[in-house]
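User: I would like to learn how to read a protein structure with a ligand in it. Could you take me through it feature by feature?

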Amino acid sequence: MKKGRDILIAIYPGSFDPVTNGHLDIIIRGSKIFDGLIVGLLKNPNKKPLFTVEEREEMMVEATKDLTNVTVEIFQGLLVQFARQKKCRVILRGLRAISDYEYETQIAITNRKICPEIETFLLPTSTEYSYLNSTVVKEIAQFGGCVRGLVPECVERKLRKKFQVEGR
Ligand code: PNS
């Protein structure tokens, strides 16, 4: 066995528009595996998210406030460049179903091609969240459905506010 090791920091990247309990499941479990976990919120100029990057950050910070080794950061551009800058040696991604596998391995292989020293760690989501994604959550909330149990409470409140205001 290797005696002692460097601190192992992972990055968990995504759009998180908004963060769901499925994401949180991965964050909580990831925070127990790695010494530190950076949640990397992508500011993507090619996408038009429901929530601004600042709103997404605020919700993520609130949802992860009790996890002492988790921090939230916004990034733009290539993930591996940001990961390298932050000294992350691992990219953490959740795997919901077999349908995610192709997309996730494609990203993982691409990232490894451009940055071989950073490995991707695919963690299967807990089964109760295997159907859940941000798009489904937004659609339920948009048409007045209840998203309790699917997202953290702060997100539930924000969604209600967003669609109440926009629905007027
Ligand atoms: O939550 P998402 O939208 O599935 O996350 C996708 C994400 C953020 C992991 C991916 O789009 C990404 O890493 N984007 C940054 C640009 C990049 O590095 N592209 C090359 C690898 S695909």
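Analyst: Let us begin with the surroundings of the ligand, keeping in mind that this is a predicted model. Helix α4 (residues 98-114) gives the largest share of the shell around the ligand, namely 3 residues.

User: Which residues are around the ligand?

Analyst: A residue counts here if one of its heavy atoms lies within 4 Å of the ligand. By that reading the residues around the ligand are Gly14, Ser15, Leu42, Lys47, Gly77, Leu78, Leu79, Arg93, Tyr103, Ile107 and Asn111, and the ligand itself sits in the largest pocket.

User: Which polar atoms of Ser15, Leu79 and Arg93 lie close to an oxygen atom of the ligand, those of the side chain or those of the backbone?

Analyst: For such a polar contact we look for a pair of N or O atoms within 3.5 Å. Ser15 places a polar side-chain atom 2.7 Å from an oxygen atom of the ligand, and Arg93 has a polar side-chain atom 3.1 Å from a ligand oxygen atom. With Leu79, a polar backbone atom is 2.8 Å from an oxygen atom of the ligand. As for burial, the ligand taken alone exposes 530 Å², of which the protein buries 74%.

User: How many bridges join strand β2 to strand β3, and do these strands run parallel or antiparallel?

Analyst: Strand β2 (residues 36-42) and strand β3 (residues 70-75) run parallel and are joined by 6 bridges; as one example, Ile38 has Thr71 in β3 as its bridge partner. Together with helix α2 (residues 53-63), β2 and β3 make a right-handed β-α-β unit.

User: What should I look for in the backbone of the loop between β1 and α1?

Analyst: Backbone angles are a good place to look. Phe16 lies in this loop, and its phi is near 50°, a positive value in a residue other than glycine. Pro18 lies in the loop between β1 (9-14) and α1 (21-33) as well, and a cis peptide bond, with omega about 0°, joins Asp17 and Pro18.

Notes. Residues are numbered from 1 along each chain as its sequence is written. This is a predicted model: local features need pLDDT of at least 70, side-chain atom pairs count only at pLDDT 80 or more; totals for chains, interfaces and linings use all residues. Side-chain values use heavy atoms; hydrogens and water are left out. Two strands pair if DSSP finds at least two bridges between them. Helices (H or I, at least four residues) and strands (E, at least two) are DSSP runs, numbered from the N terminus. A crossover is right-handed if, with the strands pointing away from the viewer, the path from the first strand over the helix to the second runs clockwise. A polar contact is a pair of N or O atoms within 3.5 Å; within protein, one must be able to donate a hydrogen and the other to accept it, and residues adjacent in sequence count only if both atoms are side-chain atoms. Accessible areas come from the Shrake-Rupley method with a 1.4 Å probe; for residues, only the protein chains shown count as cover. On a 1 Å grid over the protein atoms alone, a cavity is a set of points where a 1.4 Å probe fits but cannot get out, and a pocket is an open set with protein on both sides within 12 Å along at least five of seven lines; lining residues have an atom within 4 Å of a point. A molecule sits in a cavity or pocket if more than half of its atoms lie within 2 Å of its grid points.
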